[in-house]
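Got the viewer open? Load the model, switch to cartoon, and let's walk along the chain together.

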Amino acid sequence: KHNDTVADMSEQVEGLQRVKAKLEKEKNTLRVEVDDLASSMEQATKGKVQAEKANKQLEDHLVDANQKVEENQRIIQELSSLKTRLTSENNDLQRQLEESEATASQLSRAKSMLTQQMEEVKRQLEEETKSKNTLLHHLRAIQTDCDNLRESLEEEQEGKSEIQRNLTKANAEVAAWRSKYETDAIQ
């Protein structure tokens, strides 16, 4: 966007310079015409043979020339004013360009820093991802071990329950046999 703005301003400046050159050319042409009129006026003064007619024509030419001179002076004043304004605008644009370049330089440095920070964050993320994957692998291994231990515990508890039932049954049988032998021994 900045380059487009600079290009547009450069085109405007070039256009104004072309207009100025054209006006300078017209000004020089008009000066030549004024010089020619002055020369004609001198010749008219020297040759008074056709004084009245020539004098009238010269007066008319002089009025036209004076109007052109006044017009040229007005144009020169306008061009001078335009030149002053364009010089001021050019200075402002130059200042803006320098500010934009400084801003672009700052943004470039900031971008470079952010790129470095982003690379560092990516590196840290990769390390954290590796650590996370390692921890996930360990966690899965631990969960598998836990599941295996739980199954073993359940099997052990089932075995213990079976032994407990058998022991209770055996104790009941022992008690029954004891009772039977004590009853038989008493009789």
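Start with a surface over everything: the protein chain exposes about 16,100 Å², and carbon and sulfur atoms supply 53% of that area. Accessible areas here come from the Shrake-Rupley method with a 1.4 Å probe, and for residues only the protein chains shown count as cover.

A word on ground rules: this is a predicted model, local features need pLDDT of at least 70, side-chain atom pairs count only at pLDDT 80 or more, and totals for chains, interfaces and linings use all residues. Residues are numbered from 1 along each chain as its sequence is written, and side-chain values use heavy atoms, with hydrogens and water left out.

**Whole chain**

Back to cartoon. You'll find two helices and zero strands in the protein chain; helices (H or I, at least four residues) and strands (E, at least two) are DSSP runs, numbered from the N terminus. The radius of gyration of the protein chain is 56 Å, well over the 16 Å that the globule rule gives for 187 residues, so the chain is more spread out than a compact globule. That radius is taken over C-alpha atoms, and the rule is 2.2 Å times the number of residues to the power 0.38. Draw a box along the principal axes and the C-alpha atoms fill roughly 195 × 25 × 15 Å.

Now colour by burial. Buried residues make up 6% of the 187 residues, where buried means under 20% relative accessible area, exposed over 50%, and partly exposed in between (1.4 Å probe, protein chains only).

**Helix α1**

Select valine 13, which sits in helix α1 (residues 2-46). Valine 13 is partly exposed, at 30% relative accessible area. Next, draw a distance from its C-alpha to that of asparagine 66: the two residues are 53 apart along the chain, and the atoms are separated by 32 Å.

**Charges**

Colour by charge. The protein chain carries 29 positive and 38 negative side chains, and the centres of the two sets lie 4 Å apart. Lys and Arg count as positive and Asp and Glu as negative, while His and the chain ends are not counted. Each charge is placed at NZ of Lys, CZ of Arg, CG of Asp or CD of Glu.

How many salt bridges does a search of the whole structure find? Ten, a salt bridge being a side-chain nitrogen of Lys or Arg within 4 Å of a carboxyl oxygen of Asp or Glu. Here are some stops:

- Arginine 74 and glutamate 78: their side chains meet in a salt bridge (2.2 Å, N to O). They are four residues apart in helix α2, so about one helical turn separates them. Arginine 74 is partly exposed at 35%, as is glutamate 78 at 45%. Add Glu71 to the selection, and you have Glu71, Arg74 and Glu78 linked in a network of salt bridges.
- Arginine 150 and aspartate 147: this salt bridge spans 3.0 Å, N to O. Being three residues apart in helix α2, the partners are about one helical turn from each other. Arginine 150 is partly exposed at 42%.
- Arginine 165 and glutamate 162: the closest N and O atoms of this salt bridge are 2.4 Å apart. Arginine 165 is partly exposed at 49%, and so is glutamate 162 at 38%.

**Last stop: a negative patch**

Select Glu151, Glu154, Glu155, Glu156 and Glu158, which form a negative surface patch. Patches are made of residues with over 30% relative accessible area and no salt bridge: like charges are joined within 9 Å, nonpolar side chains (Val, Leu, Ile, Met, Phe, Trp, Tyr) within 5 Å. Zoom in on glutamate 158, found in helix α2 (residues 51-186). Glutamate 158 counts as exposed because its relative accessibility is 56%.
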